[in-house]
Amino acid sequence: MPLLQPHVESILKSAGSSGKSLFDASVLTSEVLGNVPEGLAVRPLHIADFDKGYLDLLSQLTTVGPVTREQFNERFLVMQHTQPTAYYVVVIEDESSQKVVGSATLVIEWKFIHSASCRGRVEDVVIDANMRGKKLGALLNRILVALAKNIGGFLKLL
Ligand SMILES: CC(C)(COP(=O)(O)OP(=O)(O)OC[C@H]1O[C@@H](n2cnc3c(N)ncnc32)[C@H](O)[C@@H]1OP(=O)(O)O)[C@@H](O)C(=O)NCCC(=O)NCCS
């Protein structure tokens, strides 16, 4: 049973192009990004990444199954509307092929323990088979750790 389905289309229609980004791209500062190889863009997951091979990429990590565009949009909106943001899915786009060739997720987990703190976890790191061995996995991990440190400044991240 879809969670948001009746509202998904109208929410998507009313969202501007920045509203179609999973999270505010300004948190990926130049300090967080560091040196990104030429021809690649590191950015938040975008709703249009459904058409840029995002699910094919994830299927190189684990089973994805038959996820329709509607299911993708709905899940995207659920993640996008967490408050404060809990899902930072950071992707690498190959600018020449316009395909998503890398992805990793920083998940912010809210706790009662440790004085009602929260924890950042890096999950679902995957690099396209044709792009492996170029330190892109390491790049995404480094970026997510730097992002977690920045976010931790205002969230009391463990
Ligand atoms: C694991 C994965 C993300 C690595 O991406 P990559 O861009 O090829 O890795 P890098 O080039 O950044 O390698 C960084 C380091 O990790 C090591 N490494 C790469 N893949 C590894 C693996 N599967 N197991 C252990 N170490 C690995 C490299 O040898 C390298 O070590 P070095 O710095 O000492 O030379 C990629 O192989 C992949 O997508 N695999 C399928 C999905 C997966 O298993 N994801 C991880 C679980 S969440």
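The shell around the ligand holds six nonpolar, three polar and four charged residues. This is a predicted model, and the shell is a good place to start reading it.

**Around the ligand**

The ligand is surrounded by 13 residues. Those that come nearest are I127, R132, L136, G137 and A138. Two elements, β4 and α6 (136–155), each supply at least two residues of the shell. Strand β4 gives the most, with four residues.

**The sheet**

Strand β4 also belongs to a sheet. General background helps here: strands of a sheet pair through backbone hydrogen bonds, in either a parallel or an antiparallel way.

In this model the sheet is open and has four strands, in the order β1-β2-β3-β4, with antiparallel pairing. Which strands stand at its edges? They are β1 (40–44) and β4. Each has a single partner strand, so one side of each is left without a neighbour in the sheet. From one strand to the next, the twist averages 15°.

The table lists the strand pairs, each with one pair of residues that stand opposite one another.

| Strand pair | Sense | Bridges | Opposite residues |
|---|---|---|---|
| β1 and β2 | antiparallel | five | L40 and D94 |
| β2 and β3 | antiparallel | eight | V89 and T105 |
| β3 and β4 | antiparallel | eight | S103 and V126 |

Strands β2 and β3 form a hairpin, with four residues between them. Q98 sits in the turn and has a positive phi of about 55°.

Now take β2 by itself. Is this strand largely enclosed or largely open? Six of its eight residues are buried, so β2 is largely enclosed by the rest of the structure. A residue counts as buried if 20 or more other C-beta atoms lie within 10 Å of its own C-beta atom.

**The nonpolar core**

The largest nonpolar core has 27 residues. Which of them have the most contacts inside the core? They are V90, I92, L140, I143 and L144. Five elements, α3 (54–58), β2, β3, β4 and α6, each supply at least two core residues. Helix α6 gives the most, with seven residues.

L144 is worth a look. Leaving aside residues up to four places away in sequence, L144 touches V90, A104, L106 and V122.

Two elements thus recur in this report. Both β4 and α6 supply residues to the ligand shell, and both supply residues to the core.

**Backbone details**

Some residues have a backbone worth checking on screen. A116 is not a glycine, yet its phi is positive, at about 55°. This residue is found in helix α5 (residues 113–116). Is A116 buried or exposed? A116 has 9 other C-beta atoms within 10 Å. The cut-off for exposed is 12 or fewer, so A116 is exposed.

D124 also has a positive phi, near 55°, and is a residue other than glycine. D124 is found in strand β4 (residues 118–127). D124 has 12 C-beta neighbours inside 10 Å, so this residue counts as exposed.

Where is the peptide bond described here as cis? The bond runs from Q83 to P84, and its omega is near -10°. P84 is found in the loop between α4 (69–80) and β2 (87–94). That loop therefore leads to β2, the strand with six of eight residues buried.

Key. Residues numbered from 1 in each chain as written. Predicted model: local features only at pLDDT ≥ 70, side-chain atom pairs only at ≥ 80, totals over all residues. Pairing = 2+ DSSP bridges. Axes fitted to C-alpha atoms, helices over the stretch in contact; angles between N-to-C directions. Near = placed C-beta within 6 Å. Nonpolar A, V, L, I, M, F, W, Y, C, P; charged D, E, K, R; others polar. Core = buried A, V, L, I, M, F, W, Y, C linked by C-beta atoms within 7 Å. Contact = placed C-beta atoms within 7 Å.
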